[in-house]
Amino acid sequence: DKLEKAYEATLYENVTNMAGVPSWNLVFIKYLLEKTGKSHLLEIWPNLELFIHGGISFLPYREQFEKLIPSKSMNYLETYNASEGFFAIQDNPDCDDMLLMLDYGVYYEFIPMDRFGQDNPETLSIGEVEKDKNYAMVISTNGGLWRYIIGDTVMFTNLYPHKIKVSGRTKHYINAFGEELIIDNAENALKTACRKTCSIISEYTAGPVFMSDTAKGGHEWIIEFEA
């Protein structure tokens with residue numbers, strides 16, 4: 001229903017830019033092309049020039065977007081936002097780092113990852129961080145969060161102004177399509193499956209399988225059984 005409503009609302013509009021999670025936008029673009037019989041998106045929206053993306057990594061999706069939007073003047077810009085706040089914006093299309101926004105009602109602290117998990121680890125203010133080091137980000141906001149560990153790790157690429165790249169997560173985590181699969185979810189699911197099938201698992205690993213031109217996305221699991 002959501003896809004159909006969006007299709008009806010935008011098909012005959014002069015759409016010049018889109019914003020959102022890459023995986024969902026890719027699903028919507030393919031839906032548009034299937035419904036219209038067009039080969040690429042510029043046949044529907046010839047003035048499209050900007051996609052602002054966030055939420056998950058754009059790297060696995062970029063090639064597909066470039067195939068579906070064959071324009072050298074198309075621009076892609078990243079934002080770093082979450083339910084807890086809006087943190088950074090890619091202010092230079094030629095660089096893939098993002099400008100940390102210091103005036104959006106968020107106070108930042110940073111825990112060096114080599115000390116993360118310790119009791120009362122050293123926590124640095126924005127004026128104490130160094131380039132090319134991995135930090136867990138801690139935020140306090142005027143929305144009421146107090147010293148909340150967001151779960152992301154960041155590295156500073158520049159200090160004045162402060163620019164960052166999101167380097168990973170503080171915990172094992174798969175979020176290729178917005179599914180936010182944490183290790184606790186995975187292990188509880190495996191525990192339930194083992195109980196129902198009388199199985200015993202000795203080791204496992206999992207990773208995302210990204211969408212292709214012909215296949216949907218998903219996860220691939222490799223599981224070693226004792227029984």
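I will go through a helix pair, some salt bridges and a surface patch in this structure, which is a predicted model.

I'll start with the helices. Two packed helices are described by the angle between their axes and the distance between the axes. Here the pair is α1, residues 2-10, and α2, residues 22-36. Their axes lie 10 Å apart, and the packing angle is about 65°. An angle of 65 to 115 degrees counts as roughly perpendicular, so α1 and α2 are roughly perpendicular to each other. As for handedness, the crossing of α1 past α2 is right-handed.

Next, charges. Side chains of opposite charge can pair when their charged atoms come close. How many salt bridges does the structure hold? There are eight, and I will take three of them, including one inside a helix.

That one is Glu66 with Arg62, at 3.0 Å from N to O. Both residues sit in helix α3, residues 59-68, and they are four residues apart, about one turn of the helix. Glu66 is partly exposed, at 40% relative accessibility. Arg62 is also partly exposed, at 35%.

The next pair is Asp91 and Lys163, whose closest N and O atoms are 3.1 Å apart. This salt bridge links distant parts of the chain, with the two positions 72 residues apart in numbering. Asp91 is in the loop between β4 (85-89) and β5 (98-100), while Lys163 is in strand β9, residues 162-169. Are the two partners buried or exposed? Asp91 has a relative accessible area of 44%, so it is partly exposed. Lys163 comes out at 13%, and because buried means under 20%, Lys163 counts as buried.

The last of the three is Lys133 with Glu130, with an N to O distance of 3.2 Å. Lys133 is partly exposed, with a relative accessible area of 40%. Glu130 is partly exposed as well, at 41%.

Finally, the surface. Which residues make the nonpolar surface patch of about 270 Å²? They are Trp221, Ile223 and Phe225. Trp221 is placed in strand β13, which covers residues 218-225. Why can Trp221 belong to a patch? Patch residues need over 30% relative accessible area, and Trp221 has 34%, so Trp221 passes that cut-off while counting as partly exposed.

To recap: α1 and α2 pack at about 65°, Asp91 and Lys163 tie distant parts of the chain together, and Trp221, Ile223 and Phe225 form a nonpolar patch.

Methods
Residues numbered from 1 in each chain as written. Predicted model: local features only at pLDDT ≥ 70, side-chain atom pairs only at ≥ 80, totals over all residues. Heavy atoms only, no water. Patch = residues over 30% accessible without salt bridge, like charges linked within 9 Å, V, L, I, M, F, W, Y side chains within 5 Å. Areas by Shrake-Rupley, 256 points an atom, 1.4 Å probe, with all protein chains shown as cover. Salt bridge = Lys/Arg side-chain N within 4 Å of Asp/Glu carboxyl O. Buried < 20%, exposed > 50% of the residue type's maximum accessible area, 1.4 Å probe, protein only. Axes fitted to C-alpha atoms, helices over the stretch in contact; angles between N-to-C directions. Parallel < 35°, antiparallel > 145°, perpendicular 65-115°, else oblique. Left-handed = near helix turned anticlockwise from the far one by under 90°.
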